[in-house]
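Visitor: Please take one part of this model under close examination, residue by residue. I would then ask you to set that part within the chain as a whole, in a single connected account.

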Amino acid sequence: MLFASTMIMSMSGGAYIFGAYSKALKASLEYDQDTLNTISFSKNIGISLGIVSGLINEVTPPWVVLLAGAAMNLAGYLLVHHAISIPGAARPPVWLMCFYIFLGAISQTFASTGALVTSVKNFPNDRGIVLGMLLGYAGFSGAIFTQLYRAFGGGEDGATLLLILAWLPTVVSLLFSFTVRVIPRSSSTAATAMGLGRERKGVLGFLGVSVLIGIYLLVLNVVEVKVSRLPTHVYHITNTLLLFILVVGPLIIVVKQEYHHTYTLQPPPPPTTPSSSAPSSSLQQDVSIRPPSMGEQEINYSVLQALCSKHMLLLFVTTACGIGGIMTVVDNMSQIGQSLGHSQRAISMLVSLVSLSNYAGRVLAGLGSDYVVECYKLPRPLSLTVTLLLAFFGHLLIAMGLRDALYAASLIMGFCLGSIWTVLFAVVSEVFGLKHFSTLYNLSTLASPVGSYVLSVQVAGRMYDHEAQRQGHLRQDLACVGVQCFRASFEIVAGVTLLGMVVSLVMTWRTRAFYYARFSAGVVAITAVTTDKNIKQEGALADQNKTIATNQSLSIC
């Protein structure tokens, strides 16, 4: 089931590579930048309306959600492909093109809801690792699409990329939709405890494969920066190796896990002496002393209470400022690169870098924020503050208009995008509880289209068109050239990001006592219970050692 979820999530990030085909969309349909950003805004609405798939998932099995998402993905991107690639086809009105893009984008939320929510339910003890890992697979999916696009020729028209986006995620969802399901756990509590360690190793193995894929894709991008154009047959080889790692790597872990589950994971024998009833392994001890996580505490907001709380308002403003600014970069990457003199191939590479760093941000932000919270008792919203500060400098790099600095800015923007989402979902689960997490998790994403509409459409789009008109290009290729195309707009975006950072600091201050009390209580509980267990196990340790020695002797015989 987890393997199927990783396959689906690795094909669910098509909405994040809009910048790779937006130039073709703009040229073939003769749009100005304001219209193009309006279409991009409809995409952002689609990827933010996960509440629809979440509500459907509450009353239907996951395969219904996945199949519905596959149908919408195929229809949406295939209609966009038809609009820009079929000779003589009537140009659809803007509102209809917005609907096409919206349909393809919202299908991504159906794929992520069906795969991600089900996986978290199947691995409740490792929900944090599973959440970060699956979001990471979705993060570098854009880079996978870009590599496949180059293997199929990588033309300037963008039609091939749209065709890949239409059929590949659809086929993968159809193949694995019935595999993704909630699997009941073993009724034997002891057997479940024995398998917990091996189960976690399997999940970490999947995470390790995703790291390997991320490094491989990063190396490919570095090589492409050094070499202007690789032969097509080289892309055939690199893509074959990429798909081999993506599919065979997790399958090896699956086979090992199933083998150990079938042949080695047996329930322990019943206790024969009073001493044998003590925990027989450090794993069992760790399970018994594990304090409840913050999401499992008694604090659980209702949906209405959460929506009306000051904490939700602060998170909304922070997310609108942060994600809105970053999505302005992602949606206008093609035009930013073009204004600074980059080729279409270099622009595709920039989009791929955003996708790769998006993966790194999702994984590292989850692990890093966990470490800071658990070890130093600092509020998790502080991670949002640091991330927004980094995004602020990234926006300034773009405003400066340095041609080669756009590579660094792409890495920064992708990392911050993944980091904000991961930390945001963790904060929502901790502050408001897990009871209504599926609903609040999707509602928290609604700040993204608000911020992107204001900053991308109303600010960047209008300023770009004004500058293009001033240069006299509005009646020709609708393109603006030079640093001034985006300088003023990204100075504004940087200021808004700084405002979001200040709001996140307010959120950090308001939750400092909450985080300190929760995690300090957890440490005290661990210390007390561990001390009690050690005292009780001192008498049983000798008997356990004798039993191990006897078993070893029998094995030798």
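Guide: Cys-308 is a suitable point of entry: with a relative accessible area of 63%, Cys-308 is exposed, because the exposed class begins over 50%. This model is predicted, and each value given here is computed from it. Cys-98 falls in the opposite class, since its relative accessibility of 13% makes it buried, the cut-off being under 20%.

Two further cysteines are bonded to each other. A disulfide links Cys-480 with Cys-485, the sulfur atoms lying 2.0 Å apart. A search of the whole structure returns one disulfide. In general terms, a disulfide is a covalent bond between the sulfur atoms of two cysteines. The torsion about the S-S bond of Cys-480 and Cys-485 is about -90 degrees, and the disulfide is therefore left-handed. Both partners are covered: Cys-480 is buried at a relative accessible area of 1%, and Cys-485 is buried at 2%.

These cysteines belong to a chain of 557 residues, 53% of which count as buried. The chain contains 22 helices and zero strands. Among contacts with a separation of 6 or more, 85% are made by residues 24 or more positions apart. The surface exposed by the chain amounts to about 24100 Å², with carbon and sulfur atoms supplying 68% of that area.

Two helices illustrate how burial is distributed. Helix H6 comprises residues 94–122. Of its 29 residues, 22 are buried, so H6 is largely enclosed by the rest of the structure. From first C-alpha to last, H6 reaches 43 Å, close to the 42 Å expected at 1.5 Å a residue. Helix H2, residues 18–29, should span 16 Å, and its end C-alpha atoms are 15 Å apart, which agrees. H2 is likewise mostly covered, with nine of its 12 residues buried; among them are Phe-18, Tyr-21, Leu-25, Lys-26 and Leu-29.

The backbone just after H2 merits attention. Glu-30 has a positive phi of about 55 degrees although it is not a glycine. As a general rule, most residues other than glycine have a negative phi. Glu-30 sits in the loop between H2 and helix H3 (33–48), and its relative accessibility of 60% places it in the exposed class. Lys-377 also takes a positive phi, near 60 degrees, without being a glycine. Lys-377 lies in the loop between helix H16 (344–376) and helix H17 (381–400). Lys-377, however, counts as buried at 16% relative accessibility.

The surface also carries a nonpolar patch of about 510 Å², formed by Leu-74, Leu-78, Leu-163, Trp-167, Val-171 and Leu-175. Helix H5 (62–85) and helix H9 (159–176) are the elements that each give two or more residues to the nonpolar patch. H9 provides the largest share, four residues. Leu-78, which lies in H5, is partly exposed, with a relative accessible area of 38%.

To return to the cysteines: Cys-308 is exposed, Cys-98 is buried, and Cys-480 and Cys-485 are joined by the disulfide.

Note on methods. Residues numbered from 1 in each chain as written. Predicted model: local features only at pLDDT ≥ 70, side-chain atom pairs only at ≥ 80, totals over all residues. Heavy atoms only, no water. Buried < 20%, exposed > 50% of the residue type's maximum accessible area, 1.4 Å probe, protein only. Contact = heavy atoms within 4.5 Å. Areas by Shrake-Rupley, 256 points an atom, 1.4 Å probe, with all protein chains shown as cover. Disulfide = S-S within 2.5 Å. Patch = residues over 30% accessible without salt bridge, like charges linked within 9 Å, V, L, I, M, F, W, Y side chains within 5 Å. Salt bridge = Lys/Arg side-chain N within 4 Å of Asp/Glu carboxyl O. Expected span 1.5 Å × (residues − 1).
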